[in-house]
Amino acid sequence: MFEKPLLSVIIPVYNAEKYLELCVKSIFSQTYEPIELILVNDGSTDSSLRICKHLAQKDERIIMIDQSNSGPNAARNRGLEAANGEFIVFVDSDDELYSDDTLALNMLLFTENPETDIVSFPQYRETSKEGCGLLNKKGQLTRQVLNDKLTLLTNWYNGKLIDGGFPGKIFRKSLFDGWELTEIIRFTEDHYDIPNICRRCNQVIISGVGGYVYKFNPQSAIHTEYTPEKRRGQLYSELNIYGYLCELNAPDRFKKDFYNRAIENAYYLSMSEYSEEALNLIKKAPSYRKGGSSFIKLLKLSTAILGFKYGFSISKRIAALAGKLKSKK
């Protein structure tokens, strides 16, 4: 009889006392075996640690790790270090799997397609008002194969076929050999690592079966106040994706969006404690077109004279005006 590979499910846990047990229940109700569950308590201040310990005592398939608060990717990295499985699934502690056969149906695709490194399944959103509905409906329920790097990247960050986060996918563990997920940011950290995974990935299958449910949690990062720290995370992620697009020699239409978004976030960060860090990141970024290098030169000069806040503002306005004048010619 064919021996199924071990699947490691990694759950970073932070203040999830209201959701954690339901999340774990959705994992252990799966028809797929064998499976191990790694709970990484990331310095929770509620009763999450106690719940983790209780669950681990009840089920020998659970590995429990406790660490000081270091962010979701630090928790995922600790989970990867402890994982024994050939395949990895990341689940957020306030979410659930959509159906009991989600993992079984999607793991089957690795057997049928041994060259595949990632299988992505449909993502659903549950809110207190709308119930459970499919996210990004186009294409998610149709089986597709992506093996071109640019196609994979663009369909990952735009969320149309592949949701931008780590959940909702099964990864071949070898994709994470020799490197760690970034721990320098705690917001949009999964977006930051998309290029790092794409470089190592041969093929992704959009399965169209099973599903992942993002539960409504008003305390989650996506629903809490928009802060400079969040913009900092976006800046890092946008520049990393932009850099990979440059590496792929992608057309300007793909690079322009990320370059401009990075400039926008850096501008807002000029009025925060991250001003110098943001300026240095923008100065190091390659330009997607010749005009971009002129902007960087203008930015360096104006910020040196006027400081980041005013220098960035003036540089941005001059660049926008120059772009309008050029388009009229």
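Buried here means under 20% relative accessible area. The structure is a predicted model, and this report covers one strand with its two partners, two pairs of packed helices and one serine.

**Strand E10 and its partners**

Strand E10 spans residues 169-172. In a regular strand the side chains alternate between the two faces of the sheet. In E10, Lys169 and Phe171 point one way, while Ile170 and Arg172 point the other way. All four of these residues are buried, the charged Lys169 and Arg172 included.

E10 pairs with strand E4 (residues 87-90) in the antiparallel sense, over three bridges. Strand E6 (residues 118-120) also pairs with E10 in the antiparallel sense, again over three bridges. Phe171 of E10 has a residue opposite it in each partner: Ile88 stands opposite Phe171 in the pairing with E4, and Ile118 stands opposite Phe171 in the pairing with E6.

**Two helix pairs**

Two packed helices are described by the angle between their axes and the distance between the axes. The table gives these values for two pairs.

| Helix pair | Residues | Angle | Axis distance |
|---|---|---|---|
| H1 and H2 | 20-28 and 48-58 | about 30° | 10 Å apart |
| H9 and H10 | 252-269 and 275-284 | roughly 155° | within 8 Å |

Angles under 35 degrees count as roughly parallel, and H1 and H2 are therefore roughly parallel to each other. H1 passes H2 in a right-handed crossing. On the H1 side the contact is made by Leu20, Glu21 and Val24, and on the H2 side by Ser48, Ile51, Cys52 and Leu55. By class, this contact has five nonpolar residues, one polar and one charged. The charged residue is Glu21 and the polar residue is Ser48.

For the second pair, angles over 145 degrees count as roughly antiparallel, so H9 is roughly antiparallel to H10. H9 passes H10 in a left-handed crossing. H9 contributes Ala262, Ile263, Ala266 and Leu269 to the contact, and H10 contributes Ser275, Ala278 and Ile282. Six of these residues are nonpolar, one is polar and none is charged. The polar residue is Ser275.

**Ser237 in helix H8**

Ser237 lies in helix H8, which covers residues 228-247. The relative accessible area of Ser237 is 3%, so this residue is buried. Leaving aside neighbours within four places in sequence, Ser237 is in contact with Ile185, Thr188, His191 and Tyr192.

Conventions. Residues numbered from 1 in each chain as written. Predicted model: local features only at pLDDT ≥ 70, side-chain atom pairs only at ≥ 80, totals over all residues. Heavy atoms only, no water. Buried < 20%, exposed > 50% of the residue type's maximum accessible area, 1.4 Å probe, protein only. Helix = DSSP H or I, 4+ residues; strand = E, 2+ residues; numbered from the N terminus. Pairing = 2+ DSSP bridges. Axes fitted to C-alpha atoms, helices over the stretch in contact; angles between N-to-C directions. Parallel < 35°, antiparallel > 145°, perpendicular 65-115°, else oblique. Left-handed = near helix turned anticlockwise from the far one by under 90°. Contact = heavy atoms within 4.5 Å.
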